[in-house]
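Here is a short tour of one protein chain, meant for someone new to reading structures. Keep the 3D view open and click along as you read.

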Amino acid sequence: MADIHFHALAPARARSGEDPLVPFLLGARDAPVTISARDVQRLDSHRLQLLLVAKQQWETDGIDFRITDTAPSFHEGLQRLGLNPEHFEKETAQ
């Protein structure tokens, strides 16, 4: 089994330079990923787009992609940007 790659999102995306999420995702390609959103104070559309595309790619490849420790501000950002606040929550088995 492949090692799980872990990344903690910063409180907000840096306005200068590349968000650290990008090189993390590129380096973690083809491996299970866990991203902590506990420190997120503001979720912007750029970071949300990165997370949505990565989630879709990992799911298409059948590899685990989790966002954990979601702060209330992360949920508020999802809602503000038009998604269900629980969009990244793992679905329960039926």
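Of the 94 residues in this predicted model, 36% count as buried. How does the radius of gyration fit a compact globule? For 94 residues, such a globule would have a value near 12 Å, and the chain has 13 Å, so the two agree. If you'd like to picture the outline, the C-alpha trace spans about 35 × 35 × 20 Å along its principal axes.

Now for the fold. The chain has three helices and three strands, and they come in the order β-α-β-α-β-α, starting from the N terminus. Contacts often reach across the sequence, too: take the contacts with a separation of 6 or more, and 75% of them are between residues 24 or more positions apart.

**Rings**

Let's look at the aromatic side chains. A pair of rings is described by how far apart the centres are and by the angle between the planes. How many aromatic pairs turn up in a search of the whole structure? The search finds two.

One of them is Trp58 with Phe65, a tilted pair with 5.7 Å from centre to centre and 55° between the planes. Trp58 counts as buried because its relative accessibility is 3%, under the 20% cut-off. Phe65 is buried as well, with a relative accessible area of 5%.

Then there's Phe74 with Phe88. Their ring centres are 6.1 Å apart and the planes meet at 50°, so this pair is tilted. Phe74 belongs to helix 3 (residues 72-80), while Phe88 sits in the segment after helix 3, so the pair links distant parts of the chain, 14 residues apart. Phe74 and Phe88 are both buried.

**Charges**

Go back to Trp58 for a moment. Which residue lies over the face of Trp58? That's Arg29, at 5.2 Å from the ring centre.

Arg29 also takes part in a salt bridge, with Asp61 as the partner. The structure holds eight salt bridges, and here are some of them, with the distance between the closest N and O atoms:

| Salt bridge | Closest N and O atoms |
|---|---|
| Arg29 and Asp61 | 2.8 Å |
| Glu59 and Lys55 | 3.1 Å |
| Arg66 and Asp64 | 2.7 Å |

The Arg29 and Asp61 bridge links distant parts of the chain, 32 residues apart. Arg29 is in the loop between helix 1 (21-27) and strand 2 (33-36), and Asp61 is in the loop between helix 2 (45-60) and strand 3 (65-68). Arg29 counts as partly exposed at 33% relative accessibility, and Asp61 counts as partly exposed at 33% too. There's a third member to add here: Arg29, Asp30 and Asp61 are linked in a network of salt bridges.

The bridge between Glu59 and Lys55 stays within helix 2. Why are these two separated by about one helical turn? It's because they are four residues apart in that helix. Are they buried or exposed? Glu59 counts as partly exposed, at 44% relative accessibility, whereas Lys55 counts as buried, at 16%.

As for the Arg66 and Asp64 bridge, Arg66 has 36% relative accessibility and counts as partly exposed. Asp64 counts as partly exposed at 28%.

**A buried aspartate**

One last stop: Asp44. Where is Asp44 found? Look in the loop between strand 2 and helix 2. Its relative accessible area is 7%, so Asp44 is buried, the cut-off being under 20%.

What does the side chain of Asp44 make a polar contact with? The partner is the side chain of Arg13, at 2.9 Å. On top of that, a polar atom of the Asp44 side chain lies 2.8 Å from the backbone nitrogen of Arg47. Setting aside neighbours within four places in sequence, Asp44 is in contact with Arg13, Arg15 and Leu81.

**Pulling it together**

If you want spots to revisit, try Arg29, which lies over the face of Trp58 and forms a salt bridge with Asp61. Then turn to Asp44, a buried residue whose side chain makes a polar contact with that of Arg13.

Key. Residues are numbered from 1 along each chain as its sequence is written. This is a predicted model: local features need pLDDT of at least 70, side-chain atom pairs count only at pLDDT 80 or more; totals for chains, interfaces and linings use all residues. Side-chain values use heavy atoms; hydrogens and water are left out. Rings of Phe, Tyr and Trp (its six-membered ring) pair if their centres lie within 6.5 Å; planes under 30 degrees apart count as stacked, over 60 as edge-to-face and the rest as tilted. Buried means under 20% relative accessible area, exposed over 50%, partly exposed in between (1.4 Å probe, protein chains only). A charge sits over a ring if NZ of Lys or CZ of Arg is within 6 Å of the ring centre and within 35 degrees of the ring normal. A salt bridge is a side-chain nitrogen of Lys or Arg within 4 Å of a carboxyl oxygen of Asp or Glu. A polar contact is a pair of N or O atoms within 3.5 Å; within protein, one must be able to donate a hydrogen and the other to accept it, and residues adjacent in sequence count only if both atoms are side-chain atoms. Contact means heavy atoms within 4.5 Å. The radius of gyration is taken over C-alpha atoms; the globule rule is 2.2 Å times the number of residues to the power 0.38.
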